[in-house]
Structures are given as structure tokens and as C-alpha cells.
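Please open the model in your viewer and keep the selection panel at hand. The stops below move from one selection to the next, each with a note on what is to be found there.

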Amino acid sequence: MSIQEKKAIFNILTSVLIMGGYVYYTFVMHAAENMPRIDDIQFWGEFTLTMMIVTIILKIISLIVFAIINAIITKKKDEDFMDEYDKKIEMKSDRNGHFFFIAGFICSMIPIAMGEPVYYMFIIMLSSGFIGGTLGDLWKIYYYRRGI
Amino acid sequence: MGQTHINNNIRTLRFHKGEMTQQTLADEVGVTRQTIVAIEKGKYSPTLELAFRIAGIFEVPLTEIFTYNSAEDKFKKRNQNLR
């Protein structure tokens, strides 16, 4: 398995752990204080911004850990090198993931237009962003296996 | 997706070049070994730039390495009225 495939699998796992952990922290561990605010736009603004910061920091840390572990196991340098094949696969898989997110973004407007509570919109939007990112990584693995 | 319409004989040329490894060829042309594997298997058509670099390593014309299978390429001709 190539480093890019390993990185994509690692990315999926960390995304699931980070997102799952953050949702669990917010809606299970601190349910008493957060659940009553679920209709409040300010709550969703705080939730989204905090999630973005937490995700960026934890992703950077996890990528550093991954690079260290990989360097120890494979004893190879310059593993992050990307050539034209890698870049093309990355562009195609990111495009597919972004298509899913855009579709989710448009769908998230439907409950608002129908007069449903605002949390439907945020749940659909954030879920499509998460699933879109995960699908992008899955597509990456698919393209590496099948070719482009 | 998957198989391209460009065939190549890189494997044979590597063999005639003293059983050159995929890694050596990859290093010489500035790509990863995985990319050479994908090209050899016909899973990826390289850019012209990379194709010329590969041809340069084997010191043969481009057409001796890559051949185009027009019979399998089911591309659609553009409507001539659009010109």
C-alpha cells in the first residue's frame, strides 16, 4: 500500500475520531447546557467555529504523528513528495468530495425554506461537509487502486 | 477510468537497460515508483513532459515507448457545424 493510500485511511480514521469525539463532548457530556440552546443560531456559530479550530489543531498534530511513525517504520525520507499522478488524483477526489458538500449545502436550505428549526440546516450542512471530506479520501483510495 | 488507450513497453525497455528497477526510473524522471507502476499497467497516461523524460532515459523516440490504440478509443467527434 502506498503512502498516499495510508494517509487517506489515516485521514478518514482521524476525521471520524475527531468529529465523533467533538459531537460526543458537546451533545452527550455537556448535554444539559447545550441541548436547550440547539435552536439558537449563536450556539451553532460557536459550535462550528470551535469545531474548525479543534479539527485544524488535531489534524496538524495527527499528521505530524503519522509522519513520525511512518518515518520510523519505513525508514524513508521524502515520503510527502507528490508528482503529477498524485496531484491529479487529489484534484479529482477533492472535486468529488466538494460536489457532495455543495449538494448537502443546497439540501440544508430546504428545511429553512419549509420553516423547520435552524438546527436541521446546520446538522445537514456539517454532516455533508464531514461526509464529503471522507468520500474525498475514499475516492483517493479508489483512484490509486483503479487508475485515472 | 482505469485502463487508458495508450499502450507502452516500458517494462521491456527497462529489461534491456540492464533490468533497471522501477524505483531507479522513477528517480531519474522525478516521480514516485507508484506512478511508474501505474503507467506500466496502463492505469495512467503520463503528461507529455513526463513521457519525453522517460524517452530521454531510454534514448528512444517517444513513439517507440508509447503507442495509441485508436480502435479502443471511443471518443466522440465534435459536430463539424460548430466550427
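Select A:Phe122 to begin, in what is a predicted model; at 14% relative accessibility this residue counts as buried, because the cut-off for that class is under 20%. Add A:Trp44 to the selection, which is buried as well, with a relative accessible area of 1%. How are the rings of A:Trp44 and A:Phe122 placed towards each other? Their centres are 5.5 Å apart and their planes stand at 0°, so the pair is classed as stacked. Since A:Trp44 belongs to helix H3 of chain A and A:Phe122 to helix H5 (residues 118-146) of chain A, the pair ties together parts that lie 78 residues apart in sequence.

Keep these two rings displayed and extend the selection to the cluster that ring pairs build from A:Tyr22, A:Phe27, A:Phe43, A:Trp44, A:Phe47 and A:Phe122. Over all chains, the structure holds 14 aromatic pairs. One of them joins A:Phe27 and A:Phe43 in an edge-to-face arrangement, with 5.9 Å from centre to centre and 75° between the planes. This pair links distant parts of the chain, given that A:Phe27 sits in helix H1 (residues 3-29) of chain A and A:Phe43 in helix H3 of chain A, 16 residues apart. A:Phe43 is itself buried, with a relative accessible area of 3%.

From A:Phe43, step to A:Thr26, a residue of helix H1 of chain A that counts as buried at 5% relative accessibility. When residues up to four places away in sequence are not counted, A:Thr26 touches A:Ala31, A:Asn34, A:Phe43 and A:Phe47, and two of the cluster's members, A:Phe43 and A:Phe47, are therefore also found in this list.

Next, follow helix H3 (residues 41-74) of chain A to A:Ser62. At 11% relative accessibility, A:Ser62 counts as buried, and, leaving aside its neighbours within four places in sequence, this serine is in contact with A:Phe10 and A:Thr14.

Now zoom out to the whole of chain A, which has 5 helices and 0 strands, so that the elements read α-α-α-α-α from the N terminus on. The C-alpha trace of chain A spans about 55 × 30 × 15 Å along its principal axes, and of the chain's 148 residues 34% count as buried. Among contacts in chain A between residues at least 6 apart in sequence, 75% join residues at least 24 apart.

With chain A in view, switch to charged side chains; there are 6 salt bridges in the structure over all chains. Select A:Glu5 and A:Arg145, whose side chains meet in a salt bridge at 2.7 Å, N to O. A:Glu5 lies in helix H1 of chain A and A:Arg145 in helix H5 of chain A, so this pair ties together parts 140 residues apart in sequence. Are these two partners buried or exposed? A:Glu5 counts as buried at 6% relative accessibility, whereas A:Arg145 counts as partly exposed at 46%.

A further salt bridge, at 3.9 Å from N to O, is formed by the side chains of A:Glu90 and A:Lys140. Here the connection runs from A:Glu90 in helix H4 (residues 84-113) of chain A to A:Lys140 in helix H5 of chain A, 50 residues apart. A:Glu90 is partly exposed, with a relative accessible area of 31%, while A:Lys140 is buried, with 15%.

Move on to chain B and select B:Glu19 with B:Arg11, which form a salt bridge whose closest N and O atoms are 3.1 Å apart. B:Glu19 is partly exposed, with a relative accessible area of 39%, and B:Arg11 is partly exposed too, with 40%.

Then pick B:Ile6 in strand S1 (residues 6-8) of chain B, a residue that is partly exposed at a relative accessible area of 28%. Beyond residues up to four places away in sequence, B:Ile6 touches B:Ser45, B:Phe66, B:Thr67 and B:Tyr68. Between B:Ile6 and B:Gly42 the distance is 6.9 Å, C-alpha to C-alpha, although they are 36 residues apart in sequence.

For the last stop, show both chains and the contact between them, which takes 16 residues from chain A and 14 residues from chain B. About 1,200 Å² is buried between the two chains, with carbon and sulfur atoms giving 51% of that area. Across this interface the rule finds 0 salt bridges, but 7 residue pairs in polar contact, both residues at pLDDT 80 or more. On the side of chain B that touches chain A, helix H3 (residues 33-40) of chain B gives the most, with 3 residues. The residues of that side divide into 6 nonpolar, 7 polar and 1 charged.

Conventions: Residues numbered from 1 in each chain as written. Chains lettered and ligands numbered in written order. Predicted model: local features only at pLDDT ≥ 70, side-chain atom pairs only at ≥ 80, totals over all residues. Heavy atoms only, no water. Helix = DSSP H or I, 4+ residues; strand = E, 2+ residues; numbered from the N terminus. Buried < 20%, exposed > 50% of the residue type's maximum accessible area, 1.4 Å probe, protein only. Contact = heavy atoms within 4.5 Å. Buried area = accessible area lost by both parts, 1.4 Å probe. Salt bridge = Lys/Arg side-chain N within 4 Å of Asp/Glu carboxyl O. Polar contact = N/O pair within 3.5 Å; in protein donor to acceptor, adjacent residues only side chain to side chain. Nonpolar A, V, L, I, M, F, W, Y, C, P; charged D, E, K, R; others polar. Phe/Tyr/Trp six-rings, centres within 6.5 Å; stacked < 30°, edge-to-face > 60°.
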